[in-house]
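Work through the exercises below with the sequence and the model at hand. Try each task before reading its solution.

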Amino acid sequence: MSTQPRRGGNRYRRPRKDPVRILAFEALRAVDERDAYANLVLPPLLRRAREKDPAQGGLDARDAALATELVYGTLRRQGTYDAIIAECVDRPLREVDPPVLDVLSLGAHQLLGTRIPQHAAVSATVELARVVLGDGRAKFVNAVLRRLTAHDLDGWLERIAPPYDEDPEEHLALRYAHPRWVVSALWDALGGGREEITALLEADNERPEVTLVARPGRATTEELYSAARATGEAVPGRWSPHAVRLAEGGEPGALEAVAEGRAGVQDEGSQLVALALAEAPVDGADARWLDACAGPGGKAALLGALAAERGAALLASEKQPHRARLVERALRGNPGPWAVVAADGTRPAWRPGSFDRVLVDVPCTGLGALRRRPEARWRRRPEDLAGFAPLQRALLRQALEAARVGGVVAYVTCSPHLAETRAVVDDVLRELAKEGATAAERLDARPLLPGVPDLGAGPDIQLWPHLHGTDAMYLALLRRTA
């Protein structure tokens, strides 16, 4: 590259490569270009960077923590930052090239969402732009960021968000960085007033703790807790007797029980719905259990371990062969009998009335896991609900057909949206009652989770991030009666 003086006598200076911000930019591009999820893209990028020599762009623990905050923080508040950036550019936002917008969003998060000094945030972002976009577009980035510095986040929100009294949903959507339709749906499911919905939206914007599960018969909570404490801070789970929570930055893979598959990473909400199914009373035999939508295998591994303690067998079914292989890996080493089949739960590979307990954790919008997948809130659309609805109903119907009379079915979603939870169960029970062949009744699931507060009026259970510190898992327990 030429180092000849430019006009005015200023020598050309090569841009400084900042490995932290370059890595964050690469992660954002992967999320944007490949519809990838940050929680899948970022860990391997960080692992490779931490393995490098610092002189060659390697990252230490502090650098990795900053890169993680830049990625998750930028994605979490993407919609709000877009609205603010739109006030600072001279063209419609859709006409800004996506890589340029990613750099601007990274800059906006540093300026508005972190304690990085203003001058450092601008300087570092412009240097990043020079490296990944070139000098010409770096000038554009610099100009926009200078305009951004006119206000802090609260100042910008005062400018772009309508007053709460005039438009409460849009006010909350911009202040707490959720699409308006998601705010509306969560509010409908939650009920209550401003204080309650605000607490939920704030909880959605917090990074969740890493929660581990000790699989019964393979590892104990005491073993897992002791090992986790030896490598960093750890505390017992809040509600599940099998849970251990790691402090921020804890490395699950460094624990022997996790590396050997005797324990795993699993949100307490997922543990609780599996435990509720395992504890639900069944009439008669209790020897055959089914996980009808088992991928990637976390709930199947816990159910398989619980089944083994009672001498029961688990069949785990997953439609996608590559996900079925993940289920096999999760169940490997389970002390009891189990099998995995690659099968469509709407076209069963088993005889009707074969199982005593059935779990059907249906595909859904994932609005209950926005803490873990912050980009999902901007990726989902209201019309996605219509795409999931027929599948959810078909899977629940077939799950009820798979259960024997007196057996129990757990219908589970990682979404609190009413169209994916109570509406599905209500519709299926209504249809079955009209047809008269198969019948089922709701069970009160709340007594099966003793010690867990704020479970509502029942009989179904809705967990919440702000009340329980879990993903927003929904559970309906149904006993087949005919």
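**Exercise 1. Overall build**

What percentage of the 482 residues in the protein is buried? Then describe the overall dimensions and the fold content.

*Solution.*
- Step 1. Keep in mind that this is a predicted model.
- Step 2. Apply the cut-off: a residue is buried under 20% relative accessible area. Buried residues make up 54% of the 482.
- Step 3. Take the secondary structure. The protein has 20 helices and twelve strands.
- Step 4. Test compactness. The radius of gyration is 25 Å, and the globule rule gives 23 Å for 482 residues; the two are close, so the protein is as compact as a globular protein of that length.
- Step 5. Add the box. Along the principal axes, the C-alpha atoms fill roughly 90 × 55 × 40 Å.
- Step 6. Turn to the surface. The accessible area is about 21,500 Å², and 49% of it belongs to carbon and sulfur atoms.
- Step 7. Check contact range. Of the contacts between residues at least 6 apart in sequence, 71% join residues at least 24 apart.

**Exercise 2. Domains**

Which domains does the assignment give, and how far apart are the C-alpha centres of domain 2 and domain 3?

*Solution.*
- Step 1. List the bounds: domain 1 covers 19–153, domain 2 covers 161–204, domain 3 covers 210–265 and domain 4 covers 268–480.
- Step 2. Compare centres. Those of domain 2 and domain 3 lie 34 Å apart.

**Exercise 3. A helix check**

What span does helix α5 reach, and is α5 mostly covered or mostly open?

*Solution.*
- Step 1. Count residues. Helix α5 runs over residues 98–113 and has 16 of them.
- Step 2. Compare spans. From first C-alpha to last, α5 reaches 21 Å, close to the 22 Å expected at 1.5 Å a residue.
- Step 3. Check cover. In α5, 13 of the 16 residues are buried, which leaves the helix mostly covered.

**Exercise 4. The annotated active site**

Where does Cys 414 lie, and is Cys 414 buried or exposed?

*Solution.*
- Step 1. Start from the record. An unreviewed UniProt entry places the feature "active site" at Cys 414.
- Step 2. Locate the residue. Cys 414 sits in the loop between β9 (403–413) and α19 (422–435).
- Step 3. Apply the 20% cut-off. Cys 414 has 15% relative accessibility, so it counts as buried.
- Step 4. Find the partners, leaving aside neighbours within four places in sequence. Cys 414 contacts Cys 364, Gly 366, Leu 367, Gly 368, Ala 369, Asp 471, Ala 472 and Met 473.

**Exercise 5. Two binding-site residues**

Which residues do Ala 294 and Gly 295 contact beyond four places in sequence?

*Solution.*
- Step 1. Use the record. The unreviewed UniProt entry gives a "binding site" at several positions, including Ala 294, Gly 295 and Glu 318.
- Step 2. Place the pair. Ala 294 is in the loop between β5 (288–291) and α15 (298–309). Gly 295 is in the loop between β5 and α15 too.
- Step 3. Judge exposure. Ala 294 is buried at 4% relative accessible area. Gly 295 is buried at 16%.
- Step 4. Read the contacts. Ala 294 touches Ala 300, Ala 316, Ser 317, Glu 318 and Val 327. Gly 295 touches Glu 318, Arg 323 and Val 327.
- Step 5. Intersect the lists. Glu 318 and Val 327 appear in both.

**Exercise 6. A distant pair**

How far apart are Arg 62 and Trp 350 in sequence and in space?

*Solution.*
- Step 1. Place Arg 62: helix α3 (residues 61–76).
- Step 2. Check cover. Arg 62 is exposed, with a relative accessible area of 73%.
- Step 3. State the separation. Arg 62 and Trp 350 are 288 residues apart in sequence and 52 Å apart, C-alpha to C-alpha.

How values were computed:
Residues numbered from 1 in each chain as written. Predicted model: local features only at pLDDT ≥ 70, side-chain atom pairs only at ≥ 80, totals over all residues. Heavy atoms only, no water. UniProt positions renumbered as here; feature names shortened; annotations may be inferred. Helix = DSSP H or I, 4+ residues; strand = E, 2+ residues; numbered from the N terminus. Buried < 20%, exposed > 50% of the residue type's maximum accessible area, 1.4 Å probe, protein only. Contact = heavy atoms within 4.5 Å. Domains from an automatic or database assignment. Expected span 1.5 Å × (residues − 1). Rg over C-alpha atoms; globule rule 2.2 N^0.38 Å. Areas by Shrake-Rupley, 256 points an atom, 1.4 Å probe, with all protein chains shown as cover.
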